[in-house]
Amino acid sequence: MDKEVKNNLVIGDGIVNDELFNNCLNLLVNGNMANKLDALFFINDIMTSELSENKEFLKERADSLVQALHIVMKQLFDKPKSETPIKFIMHFLEMILRLCN
């Protein structure tokens with residue numbers, strides 16, 4: 001199977017394209033807490049992948065990822081603490097830390 005780096009992302013045996021990645025970012029920004037958590041796990045899978053294709057894919061889309069993370073962080077600070085599950089906050093902050101390393 002050919003791997004197209006510019007438009008596709010390889011996760012396991014499957015290929016994730018721009019549309020799927022953008023849908024993931026959309027869920028992260030606009031979804032409910034369960035959707036946001038799923039999106040965080042998906043993005044984490046991309047970030048922790050050892051495949052060079054995945055690293056290149058993420059580098060090329062870093063601007064949109066950082067924009068989405070910025071929006072989510074703003075949403076977290078705008079809500080009362082009691083409305084955001086601690087599990088989500090923990091995973092979100094872990095992802096930010098991994099991106100910074």
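Okay, before the first number: accessible areas here come from the Shrake-Rupley method with a 1.4 Å probe. With that in hand, the protein has an accessible surface of about 6,500 Å², and 55% of that surface belongs to carbon and sulfur atoms. Keep in mind that this is a predicted model.

So, the layout. The protein has five helices and two strands, and along the sequence they run β-β-α-α-α-α-α. There are 101 residues, and 35% of them count as buried. If you take the contacts with a separation of 6 or more, 60% are between residues 24 or more positions apart.

Let's go to the aromatics. The whole structure has two aromatic pairs. Take F21 and F57: the ring centres are 5.4 Å apart and the planes sit at 90 degrees, so we call this pair edge-to-face. And where do F21 and F57 sit along the chain? F21 is in helix α1, residues 18–30, while F57 is in helix α3, residues 52–60, so this pair links distant parts of the chain, 36 residues apart. F21 and F57 are both buried.

The other pair is F88 with F92, and this one is stacked, with 6.0 Å from centre to centre and 20 degrees between the planes. Both of these residues belong to helix α5, residues 86–100, and because they are four residues apart there, about one helical turn separates them. F88 and F92 are buried too.

Now back to F57, since it has another neighbour. R61 lies over the face of the F57 ring, 3.7 Å from the ring centre. Stay on R61 for a minute, please.

How many salt bridges does the structure hold? Two. R61 makes one with D18, where the closest N and O atoms are 2.5 Å apart. R61 is in the loop between α3 and α4 (62–78) and D18 is in helix α1, so this salt bridge ties together parts that are 43 residues apart in sequence. R61 also forms a salt bridge with E60, and there the closest N and O atoms are 3.2 Å apart.

Buried or exposed, what about R61? Its relative accessibility is 11%, so R61 counts as buried. D18 comes in at 24%, so that one counts as partly exposed. E60 is partly exposed as well, with a relative accessible area of 36%. Put the salt bridges together, and through their shared partners D18, E60 and R61 join into one network.

So if you open the model, start at R61: you'll find the F57 ring face, D18 and E60 from there. That's it from me.

Conventions. Residues are numbered from 1 along each chain as its sequence is written. This is a predicted model: local features need pLDDT of at least 70, side-chain atom pairs count only at pLDDT 80 or more; totals for chains, interfaces and linings use all residues. Side-chain values use heavy atoms; hydrogens and water are left out. Buried means under 20% relative accessible area, exposed over 50%, partly exposed in between (1.4 Å probe, protein chains only). Contact means heavy atoms within 4.5 Å. Rings of Phe, Tyr and Trp (its six-membered ring) pair if their centres lie within 6.5 Å; planes under 30 degrees apart count as stacked, over 60 as edge-to-face and the rest as tilted. A charge sits over a ring if NZ of Lys or CZ of Arg is within 6 Å of the ring centre and within 35 degrees of the ring normal. A salt bridge is a side-chain nitrogen of Lys or Arg within 4 Å of a carboxyl oxygen of Asp or Glu.
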